[in-house]
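Reader: I'm new to reading protein structures, and I'd like a close look at the inside of this one. Could you walk me through what is packed in there and where space is left?

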Amino acid sequence: MKSYMKNSYKVIIAGLMSLNLLSSCTKNYSSINSDPSKITEITSGELPFLFTKALHGAFTSYQTDQNLFADLYAQYYANTSPNFATDRLAVQHSWSNSVYNVAYSGSMPQLQIIMDKVEPSTPEYALSNIWWVFTFHRITDYFGPIPYFRAGSGQRNVPYDPMDQIYMDFFKRLNDAVTVLKQNPQSKPFGTADLIYAGDVSKWIKFANTLRLRLALRISAVDPARAKTEAEAAVAGGVMVTSPADDALMKRSNVTGSVINPLSSMSEYNEFRMSATMESIMKGYQDPRMSIYWIPARANNEFNGFRNGLNSMQLANAMNSNAANSHVGPRWTTVASGGIATFEATPLNVMSTAEADFLRAEGAILGWNMGGTAKGFYEKGIRNSMLQWGVTVEAIDAYVNSSKVPIAPQDFLNSPAIANVSVAFHPTSQDIQLEQIAIQKWLAIFPDGKEAWADIRRHKRFKLYQVVNSDNPNITNTATQLVRRLPYPDQEYQVNKAEITKGVQLLGGPDTHLTRLWWDKN
């Protein structure tokens with residue numbers, strides 16, 4: 001753990017030096033960082049800047065943290081470059097290092113400093129607790145057991161903790177944070193350094209409860225009683241309700257030296273395009289978000305996608321080229337490629353109100369007290385998602401009541417339609433209703449591939465296309481063998497071998513893509 005488990009003094013220096021990246025948010029770095037060899041005493045004035053860094057830190061290394069893993073596994077995109085074998089399920093231990101660095105370098109040190117400097121009864125502590133849970137749930141849901149309770153303790157070798165205990169701590173932290181925030185309704189923690197809600201306590205309460213609801217559904221198959229308790233408490237405490245007012249969007253900027261939208265930063269690499277899964281669903285439903293999420297292909301001015309896992313010979317076919325398939329949408333794209341001038345400053349999608357609605361719809365089917373009906377929340381989720389993206393009310397009304405179904409994507413492999421369920425909520429079949437909820441949530445939370453992949457693994461209601469080819473020696477049949485997790489980073493076997501060996505024992509299976517996580521029971 002040497003690479004990310006620093007002693008407390010080094011963590012403080014690292015946290016302050018990292019603020020150099022945030023030139024748009026701070027002014028007086030010279031006085032803070034004039035001599036990095038000295039131990040700098042952090043004052044309350046620096047804490048907002050550390051919180052900004054922790055927010056940014058959860059989304060660093062976007063390409064090797066998310067785009068080349070979860071975004072492909074969720075089949076939002078498919079790779080047009082044969083060089084990125086993760087689309088063919090290859091093992092990439094070194095890229096997994098980036099995922100660990102997101103939490104253990106990008107966010108954890110900054111949050112620990114804040115929580116060491118303020119009282120647990122303060123709103124600043126509460127927001128740090130919420131962002132701690134947000135950051136670490138994305139890491140444990142990738143790998144399984146991770147170093148958690150003693151992470152950042154200064155130990156050279158830090159033990160791994162089981163997922164069930166980590167999740168129980170998540171629920172406790174979120175409950176404690178909401179309790180504190182409700183006791184401080186007029187406060188503005190971190191002010192404008194909070195790039196999501198600018199210190200709006202009421203919105204952070206909704207965010208925390210929606211995150212709690214997300215995690216409750218995550219464990220609904222492995223611990224249904226606890227899931228019900230947590231979900232009902234989250235809804236009673238107040239979740240996101242209205243889009244776009246409640247949506248969690250992180251500010252970005254295209255000012256030189258600032259932090260830009262990470263999807264925008266790599267969209268012009270031209271290494272990925274729309275997946276055939278996305279084409280089948282959005283074309284079949286005649287989804288009005290199509291031109292928001294995607295740009296028509298240059299070769300034919302149509303919205304096209306292709307299958308995941310194509311090999312170099314298949315990718316050489318013109319139908320699978322960048323020109324023949326759809327680039328990610330205008331808000332993340334340069335003017336030259338059909339986008340907008342301010343594409344780098346597009347806010348980063350963190351969590352949407354629509355997700356809360358679809359979670360409540362599923363909870364209602366499970367018999368939980370969600371405050372309404374599954375049909376009501378399902379339709380509200382569609383409406384909130386489309387309102388988030390600026391779709392007209394008339395187009396929303398037509399879509400919600402539509403009997404249209406996904407269609408065959410007309411791709412290189414003549415693939416069939418991915419599903420056969422309409423948009424209009426089924427009147428009787430809970431199995432079909434759950435599939436509809438899963439598909440619409442998958443559409444609504446785009447481009448958050450991390451959450452989409454976690455959700456797909458959890459419920460298995462929405463079945464993706466079979467990956468065409470596997471470069472993974474453990475996955476010999478892509479029709480029946482699914483990617484369940486990421487193998488641990490190779491750096492862990494180098495610097496923390498004894499503890500990661502114990503961590504694999506907690507995992508309950510070999511350190512491969514095929515071993516299910518604790519909550520993966522469907």
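**A look inside**

Author: Let's start with helix 3, residues 47-57, which is mostly covered: 10 of its 11 residues are buried. The buried ones are L47, P48, L50, F51, T52, K53, A54, L55, H56 and G57. Keep in mind that this is a predicted model.

Now for the nonpolar interior. The largest nonpolar core has 148 residues. Inside this core, the residues with the most contacts are W131, W204, F207, W294 and W442. Helix 7, residues 123-143, supplies the largest share of the core, with 12 residues.

Next come the aromatic rings. Searching the whole structure turns up 43 aromatic pairs. Take Y167 and F170 as one of them: their ring centres are 5.3 Å apart and their planes meet at 55°, so the pair counts as tilted. Why that label? Planes under 30 degrees apart would be stacked and those over 60 edge-to-face, so an angle in between is called tilted. Both residues sit in helix 8, which covers residues 163-182, and because they are three residues apart there, about one helical turn separates them. It helps to remember that an α-helix has 3.6 residues a turn, so residues three or four places apart point the same way. As for exposure, Y167 is buried, with a relative accessible area of 0%. F170 is buried too, also at 0% relative accessibility.

Some rings have a charge for company instead. The charged end of R457 sits over the ring of W453, 3.6 Å from the ring centre. R485 does something along those lines with Y488, lying over the face of the ring at 4.9 Å from its centre.

So much for what is packed; what about the gaps? Rolling a probe the size of a water molecule over the atoms shows where empty space is left. Here the count comes to seven cavities of 30 Å³ or more.

The largest cavity holds about 90 Å³ of space. Its lining is made of 13 residues, and N349, V350, M351, S352 and I445 lie nearest the centre. Strand 6, residues 348-351, gives the most to that lining, with three residues. By class, the lining of the largest cavity splits into seven nonpolar, three polar and three charged residues.

The second largest cavity has about 80 Å³ of space. Around it you'll find F59, Y62, Q66, N261, L263, W332, L348, N349, P447 and D448. Helix 4 (62-67) and strand 6 are the elements that give two or more residues to this lining. The classes here are six nonpolar, three polar and one charged. You may have spotted that N349 turns up in the linings of both cavities.

Finally, there is a space of the open kind. The largest pocket has about 490 Å³ of space. It is lined by 24 residues, with Q75, I456, L464, Y465 and L482 nearest its centre. Two elements, helix 5 (70-73) and helix 19 (449-459), give two or more residues to the pocket lining. The largest share, three residues, comes from helix 19. Sorted by class, the pocket lining has 12 nonpolar, seven polar and five charged residues.

Notes
Residues numbered from 1 in each chain as written. Predicted model: local features only at pLDDT ≥ 70, side-chain atom pairs only at ≥ 80, totals over all residues. Heavy atoms only, no water. Phe/Tyr/Trp six-rings, centres within 6.5 Å; stacked < 30°, edge-to-face > 60°. Helix = DSSP H or I, 4+ residues; strand = E, 2+ residues; numbered from the N terminus. Buried < 20%, exposed > 50% of the residue type's maximum accessible area, 1.4 Å probe, protein only. Lys NZ or Arg CZ within 6 Å of the ring centre and 35° of its normal. 1 Å grid on protein atoms, 1.4 Å probe; cavity = no way out; pocket = protein on both sides within 12 Å on 5 of 7 lines; lining within 4 Å. Points joined across faces, edges and corners; volume = space filled by probe spheres on them. Nonpolar A, V, L, I, M, F, W, Y, C, P; charged D, E, K, R; others polar. Core = buried A, V, L, I, M, F, W, Y, C linked by side-chain atoms within 4.5 Å.
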